[in-house]
Amino acid sequence: MSATLPQIEIPADLRPSDGRFGSGPSLVRQEAVDALAAAAPTYLGTSHRQPAVQFVVGALRNGLAEMFALPDGYEIILGNGGTTVFWDAALFGLIERRSQHLSFGEFSSKFAAGAAAAPFLDDPIVISSEPGTHPELAADPSVDLYALTQNETSTGVMMPLARPAGISSSDALVAVDATSAAGGLRFDAREVDVYYFAPQKALASDGGLWIAAVSPAAIERIERIAASDRWIPTSIDLKTALDNSRKDQTYNTPALATLFLTVQQVEWINGNGGLEWAASRCDRSAEAIYGWAERSSVATPFVADPAARSHTVATIDLDDAVDATTVSKVLAQNGVLDTFSYRKLGRNQLRIALFPAIDPADVEALTRCIDFVVERLA
Ligand SMILES: *Cc1c(COP(=O)(O)O)cnc(C)c1O
């Protein structure tokens, strides 16, 4: 395979200062890794039931509440298993009878499929749209949970978060998968009841945890379902997670490094001006990549509607004359990593993360690297 790959060397002065553009796991700042190494002797390898680790969980919960400007009564809860496991937890512990799902890519379709397969729930309403677009919610009195995805990582589509017209949190919950959005895209917490994510994407940490900001209505739902006669496996029981989170713990052992790196990123963002600062950084990166694609004769933003073009994960189609996979491989040979498109989308495309940890100047440098490679492949 590599025998047929053109040998193209990108000059050092064109290359980004950090070559990690993957959409998850994503760039982890070296300062955060250094801080972990410094803290390691009294932190890694210590009990998660003792103050050293509970302090980090507390800092995570407080830091996220500050970053998201959570209204009174909202809480941060967490558990093990990442977003995929949170979907299962939500099937058991958040959906009362029937959910509605906006399905517009790989991730949003998975939660919908889980709800359809759950024998104790009514069939969900699934509203789909073509890859590269997003559907709209349709208020329905039979629905008790609306499932949104703020950023569909597989296609690079972002969508605004708002409750369905005429529906309040006492009628139905709004649950948002924010895995590749949390910490990089703006939102108003009053419009959502459950804002859940894993920290290996926009929050520049490692995988394995799920984290959720939950509203008073969501807490009430969690407690009511837990008290009902529905059987819930303990490891994904949200009431168990809620009780443990309130003690700055998880039910079973968490990845201590993941927790620490997440706190590093949240405190880095809060220390620099909070979510508005982080989102502005993503705006600058988005301007760099989409502006370049619009000027380029070989590249086009995949998402036609500029308002739906994600500011955390960009998808860029290349002209058929240039093979995107070859471009990504040549970039990788030069230390510029993980620009491959989402495989199942099957397009001649580059996918580039624009998360807050990624320097907008490096996104600009990446566009120059792509131009350099494309010119030599032509
Ligand atoms: C990556 C991703 C997931 C899956 O996250 P895991 O932590 O790997 O389970 C779910 N939803 C979205 C939007 C994602 O980007």
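Three salt bridges link domain 1 and domain 2 in this predicted model. One pairing of this kind joins the side chains of Glu 106 and Lys 344, with 2.9 Å from N to O. Polar contacts add to the picture: 13 residue pairs, both partners at pLDDT 80 or more, are in polar contact between domain 1 and domain 2.

On the domain 1 side, helix H8 (275–295) and strand S11 (313–318) each supply at least two of the residues that touch domain 2. H8 gives the most to this side, with nine residues. Sorted by class, the side of domain 1 that touches domain 2 holds 18 nonpolar, nine polar and six charged residues.

It helps to place these contacts on the chain. The domain assignment gives domain 1 as two stretches, 12–28 and 274–377, and domain 2 as 41–271. The C-alpha centres of domain 1 and domain 2 are 27 Å apart. Where the domains meet, 33 residues of domain 1 are in contact with 29 residues of domain 2.

The area buried between domain 1 and domain 2 comes to about 2,500 Å², and carbon and sulfur atoms account for 61% of it. Within domain 1, the residues that lose the most area to domain 2 are Val 28, Leu 275 and Tyr 342, which together make up 22% of what that side buries. For a reader following along in the structure, Leu 275 falls within the range of helix H8 (275–295), while Val 28 closes the 12–28 stretch of domain 1.

Conventions. Residues are numbered from 1 along each chain as its sequence is written. This is a predicted model: local features need pLDDT of at least 70, side-chain atom pairs count only at pLDDT 80 or more; totals for chains, interfaces and linings use all residues. Side-chain values use heavy atoms; hydrogens and water are left out. Domain bounds come from an automatic or database domain assignment. Contact means heavy atoms within 4.5 Å. Buried area is the accessible area (1.4 Å probe) that two parts lose on being put together, summed over both. A salt bridge is a side-chain nitrogen of Lys or Arg within 4 Å of a carboxyl oxygen of Asp or Glu. A polar contact is a pair of N or O atoms within 3.5 Å; within protein, one must be able to donate a hydrogen and the other to accept it, and residues adjacent in sequence count only if both atoms are side-chain atoms. Helices (H or I, at least four residues) and strands (E, at least two) are DSSP runs, numbered from the N terminus. Ala, Val, Leu, Ile, Met, Phe, Trp, Tyr, Cys and Pro count as nonpolar, Asp, Glu, Lys and Arg as charged, and the others, Gly among them, as polar.
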